[in-house]
2 protein chains.
Amino acid sequence: MDPNTVGFTKHDHSHCISDAITAADRMCRDAGLQLTPVRKRALSILLEEHRALGAYDVLARLSEEGFGAQPPVAYRALDFLTKHGLAHKIERLNAFIACAHPNELHTPAFLICTTCHAVAEAETDPSHSLLSQIAETTGFTIARAVLEAEGTCPNCREKSAA
Amino acid sequence: MDPNTVGFTKHDHSHCISDAITAADRMCRDAGLQLTPVRKRALSILLEEHRALGAYDVLARLSEEGFGAQPPVAYRALDFLTKHGLAHKIERLNAFIACAHPNELHTPAFLICTTCHAVAEAETDPSHSLLSQIAETTGFTIARAVLEAEGTCPNCREKSAA
DNA sequence: GCCTCAAACGTTATGTTATTACATTCTTCG
DNA sequence: CGAAGAATGTAATAACATAACGTTTGAGGC
């Protein structure tokens, strides 16, 4: 399994930030979007932390670095990132996390460890799609969907067993 | 299709409230839980509205009826209901809705219509479970999960097509 | 190059959602 | 009855989010 696929395993974090920024740059250029300084910095903050951050956490870091200090500064940057698939909002936590699989069109599933508070983004198998099954049986047209699970990650499970 | 399974179809609402209350009463008695007046009233408010209500909406109605007027009154009642499967929180909306399938152990999927704001609780097929697939491939132990989809319900879709 | 216009940004103010903390009352059960 | 735990009420505050408005920036047409 690709270590980056599931965030509960150690991985080489040194390059993944710059790689992700580069990818975001390219994506925005190709799509005619402006990855402005605030937006880029907000993304890199999420990438650096590699966990779900509240909007006010991001705001605090942005304002320390000379960006505006008012909530809309953070919310607007985060809105941009989530709108264009560079980050996701974890509804359960009212928090934001950098997307682990940008580029790919995907419906992410999040696994939230209630012990260590890590959040992993798991890929769902589209061929197996629960969502299309639901859409079919109910006549509902799905625009966006979120799947969030709370529980215990492999690391914490191991520790508690020891 | 059972009209109550998917909330987008008309159904006989006159009895479903009292039936649900009766079922909740029995469930709590059997489980040794106290379905106190505030809790029961909070549940009936959710049932009457038959849609997702914010905690402060519920609070307003409770306080009108002589219950406490401070947020914890509503949050505690709603916590009780959600903890014991009588209601669910829709994270996407920061709102609460009475459970359409009490008794049954289930992982509900919610369909949120962005046009009429109706929320339906769809049953997921456990044998088909996306969640167990994820748990298996990641080693994550899932305690609770929420699946929420936004889109257009059959009724609104029909109207916009007309 | 320069003008125009829409997008992005900054700030003030306010709205909405949720929790902490603590005193009081009710229930259960020995 | 009396103790212990659960449930309730209230005050205060924390945490999350948006509306509204003026200013700045920079992309694209001329």
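Of the atoms of DNA strand C that lie within 4 Å of the protein in this predicted model, 49% belong to sugar or phosphate and the rest to bases. For DNA strand D the share of sugar or phosphate among such atoms is 47%, and bases again make up the rest. The model is predicted, so that local features need pLDDT of at least 70 and side-chain atom pairs count only at pLDDT 80 or more, while totals for chains, interfaces and linings use all residues. Residues are numbered from 1 along each chain as its sequence is written, chains are lettered from A and ligands numbered from 1 in the order in which they are written, and side-chain values use heavy atoms, with hydrogens and water left out.

**The surfaces near the DNA**

A residue is near a strand if one of its heavy atoms lies within 4 Å of it. Around DNA strand C there are 16 residues, of which A:Thr36, A:Gln70, A:Arg76, B:Tyr56 and B:Lys89 come nearest. DNA strand D is surrounded by 16 residues, and the closest are A:Tyr56, A:Tyr75, A:Lys89, B:Thr36 and B:Arg76.

Several N or O atoms of the protein lie close enough to the DNA for a polar contact (a pair of N or O atoms within 3.5 Å; within protein, one must be able to donate a hydrogen and the other to accept it, and residues adjacent in sequence count only if both atoms are side-chain atoms). The table lists such pairs.

| Protein atom | DNA atom | Distance |
|---|---|---|
| A:Ala69, polar backbone atom | strand C, phosphate oxygen | 3.3 Å |
| B:Tyr56, polar side-chain atom | strand C, base nitrogen | 2.5 Å |
| B:Tyr75, side-chain N or O atom | strand C, phosphate oxygen | 2.9 Å |
| A:Tyr56, polar side-chain atom | strand D, base nitrogen | 2.7 Å |
| A:Tyr75, polar side-chain atom | strand D, phosphate oxygen | 3.0 Å |
| B:Arg76, polar side-chain atom | strand D, base nitrogen | 2.4 Å |

On the surface near DNA strand C, the elements that give two or more residues are α2 (37-49) and α4 (71-83) of chain A together with α4 (71-83) of chain B. Helices (H or I, at least four residues) and strands (E, at least two) are DSSP runs, numbered from the N terminus. Near DNA strand D, at least two residues each come from α4 of chain A and from α2 (37-49) and α4 of chain B.

The residue classes count Ala, Val, Leu, Ile, Met, Phe, Trp, Tyr, Cys and Pro as nonpolar, Asp, Glu, Lys and Arg as charged, and the others, Gly among them, as polar. By these classes, the surface near DNA strand C has eight nonpolar, five polar and three charged residues. The surface near DNA strand D likewise divides into eight nonpolar, five polar and three charged residues.

**The interface of chain A and chain B**

Contact here means heavy atoms within 4.5 Å. Each side is counted separately: 38 residues from chain A and 38 residues from chain B take part. The buried area, which is the accessible area (1.4 Å probe) that two parts lose on being put together, summed over both, is about 3,200 Å² between chain A and chain B, and carbon and sulfur atoms give 62% of it.

Ten residue pairs are in polar contact across this interface, both residues being at pLDDT 80 or more. On the side of chain A that touches chain B, two or more residues come from each of β3 (109-113), α5 (130-138), β5 (141-152) and α6 (154-161) of chain A. The most is given by β5(A), with twelve residues. The residues of this side comprise 20 nonpolar, eleven polar and seven charged.

**Strand pairing**

Two strands pair if DSSP finds at least two bridges between them. Strand β5(A) pairs with strand β5 (residues 141-152) of chain B in the antiparallel sense over eleven bridges. Within this pairing, A:Gly151 has B:Ile142 in β5(B) as its bridge partner, and A:Arg144 stands opposite B:Glu150 in β5(B). Inside chain A, β3(A) and β5(A) pair in the parallel sense over five bridges. A:Phe110 stands opposite A:Glu148 in β5(A).

**Salt bridges**

Side chains of opposite charge can pair when their charged atoms come close. A salt bridge is a side-chain nitrogen of Lys or Arg within 4 Å of a carboxyl oxygen of Asp or Glu. Over all chains the structure holds 20 salt bridges, and the count between chain A and chain B is four. B:Arg92 and A:Glu91 meet in a salt bridge through their side chains (3.6 Å, N to O). Within chain A, the side chains of A:Arg61 and A:Glu48 form a salt bridge (3.0 Å, N to O). This pair links distant parts of the chain, with A:Arg61 in helix α3 (residues 55-64) and A:Glu48 in helix α2 of chain A, 13 residues apart.
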